[in-house]
Structure formats: structure tokens, C-alpha cells
Amino acid sequence: MQSSPYYSSMVGLGLAEKPKKKKKYKEIKEPNFQIEVTLINAEIHTGFDSDGLADGYVKVKGLNRDSGSGKLFYTGPVGDHSLSPQWNHIKTIKFNPNKYCGLIFDMYDKDPILNSDDFIGRGIFDPSSTVSGMRESCTTNRTIQCFDKNDSKIIYATLYVNLVATEIPLKTKKTKNNAMFLATPDRFV
């Protein structure tokens, strides 16, 4: 009866209520965490600029469990003309341990003149020991060795980070037939 012309005219005159739209909830099958990554500082062992210094910055990526490729979460700020850049930069990322098996920290030397940045080194952190089975906030300070991409024996930089992992709270919604749906906020990068 709600689709009849009579009903439509009643709604138009304000004599009947419009049917309320149902809220959509996406079903969640996997755990999600937020990790607050603090890029504290670094020690770059080899300068890449002509003056022997570097303009270091870090790209934080998720190491995809299936493909082995990295998904860029964010790029940190540049530490100008220093072999010991101090960032103290905080960024919160969403991390699914079933999708990602690690965090990649790629360090580069910013080169605005040549418009191509020099790769300094890569460090990988496996957060599964921090994230798996966690039910409340977990904090860890880490020293990450950044190696040459072709030779895993040459250390070009040491990166100091702080990671705070917390489970993203899930919201539940019951429907008329009492089926449960889970939803999670999508407010994190």
C-alpha cells in the first residue's frame, strides 16, 4: 500500500510519514587495529647530498600478506640537512593483521633540485607480536635497521619509532530478524 498513488499524495500533504531509510552497516569478518606511529628520529650513516648530509624522510607502508607489495599509509616530514633528523611526528593508521603481515619503513633523502629522491634504506617491523590477541592498548619502542634494498648486510640508517596499537571498537546493530551486523569507523588513514 505504500507504493500507491494515494499513499504518495498523503505523504506529500504531510498526512502520512515517509518510510525511514535503513542504516547500512558493513559486515566485518576480520579484526582491525589502529596503530599510532611516532617517527622519533634517525641516524643516517651515509650522507647522500654533496655536503655529506641528507634530507631524510620516511614512507610508512603496510606489507601485504598475499602479494608481498607495500601499500603506502603515509609519508613523514623531511628532516633538513642532517644525519640525525628529529621528527617526533605522530600519525594514526588502520591496520588489519589478516591483510598486512608487517610495516615497511622506507627512508629516502629528499632531493628537490633533481626531483628524484635517493633511497637510503628499508626496515620492516612485524607487529603481529604486538597486535595478535590484544584486547587493550599496547605500546612498544623499536629500533629499526634500514638496509640497502640490494644487499641486506649493509645498514644505511637506524630509525627509532614508537608504536601504540589498540583494537578498533566494533559497533553492533540488530535487525528485525535479530541478525547481528558489525560496523567499524572508517575515520583513520
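Student: Hi! Let's start with H81: is it buried or exposed?
Tutor: In this predicted model, H81 is exposed, because its relative accessible area is 52% and the cut-off for exposed is over 50%.

Student: Where does H81 lie?
Tutor: You'll find H81 in the loop that runs between β3 (70–75) and β4 (86–95).

Student: And what about its phi?
Tutor: The phi of H81 is near 40 degrees, which is a positive value in a residue other than glycine. N88 also has a positive phi, about 45 degrees, and is not a glycine either.

Student: Where is N88 found, then?
Tutor: N88 belongs to strand β4. With a relative accessibility of 53%, N88 counts as exposed.

Student: Back to that loop residue for a second. D49 has H81 on its contact list; which other residues does D49 touch?
Tutor: Apart from neighbours within four places in sequence, D49 is in contact with A54, D55 and D109 as well as H81. D49 itself is placed in the loop between β1 (33–44) and β2 (56–64).

Student: What is the nearest side chain of opposite charge to D49?
Tutor: That would be K110, which is 12 Å away. D49 has no salt bridge, yet D49 is buried. A salt bridge would need a nitrogen of Lys or Arg within 4 Å of the carboxyl oxygen.

Student: You mentioned D109 as a contact of D49. How far is D109 from K110?
Tutor: K110 is 9.7 Å away from D109, and is its nearest side chain of opposite charge. D109 is buried and has no salt bridge.

Student: Which strand holds D109, and what does D109 touch?
Tutor: D109 is found in strand β5. Not counting residues up to four places away in sequence, its contacts include the acidic-named D49, D55, D117 and D118. F48, A54, G56, Y57 and I120 are on the list too.

Student: Changing topic: how many aromatic pairs does the structure hold?
Tutor: There are five aromatic pairs. In one of them, the ring centres of F95 and Y100 are 5.9 Å apart and the planes are at 35 degrees, so this pair is tilted. F95 and Y100 are both buried.

Student: What is the geometry of the Y108 and F119 pair?
Tutor: Y108 and F119 are edge-to-face, at 5.5 Å centre to centre with 80 degrees between the planes. The pair links distant parts of the chain, with Y108 in strand β5 (residues 100–109) and F119 in strand β6 (residues 118–125), 11 residues apart.

Student: Are those two rings on buried or exposed residues?
Tutor: Y108 is buried, with a relative accessible area of 15%. F119 counts as buried too, at 17% relative accessibility.

Student: Which residues form the aromatic cluster, and which charged end sits over the ring of Y108?
Tutor: Y57, Y108 and F119 make up one aromatic cluster. The charged end of K59 sits over the Y108 ring, 5.0 Å from its centre.

Student: Last one, zooming out: what does the whole chain look like in secondary structure?
Tutor: The chain has two helices and 10 strands, and along the sequence the pattern reads α-β-β-β-β-β-β-α-β-β-β-β. Of its 189 residues, 38% count as buried. Among contacts between residues at least 6 apart in sequence, 62% join residues at least 24 apart.

Student: And what is the accessible surface?
Tutor: About 11,800 Å², with 50% of that belonging to carbon and sulfur atoms.

Conventions: Residues are numbered from 1 along each chain as its sequence is written. This is a predicted model: local features need pLDDT of at least 70, side-chain atom pairs count only at pLDDT 80 or more; totals for chains, interfaces and linings use all residues. Side-chain values use heavy atoms; hydrogens and water are left out. Helices (H or I, at least four residues) and strands (E, at least two) are DSSP runs, numbered from the N terminus. Buried means under 20% relative accessible area, exposed over 50%, partly exposed in between (1.4 Å probe, protein chains only). Lys and Arg count as positive and Asp and Glu as negative; His and the chain ends are not counted. Contact means heavy atoms within 4.5 Å. Accessible areas come from the Shrake-Rupley method with a 1.4 Å probe; for residues, only the protein chains shown count as cover. Rings of Phe, Tyr and Trp (its six-membered ring) pair if their centres lie within 6.5 Å; planes under 30 degrees apart count as stacked, over 60 as edge-to-face and the rest as tilted. A charge sits over a ring if NZ of Lys or CZ of Arg is within 6 Å of the ring centre and within 35 degrees of the ring normal.
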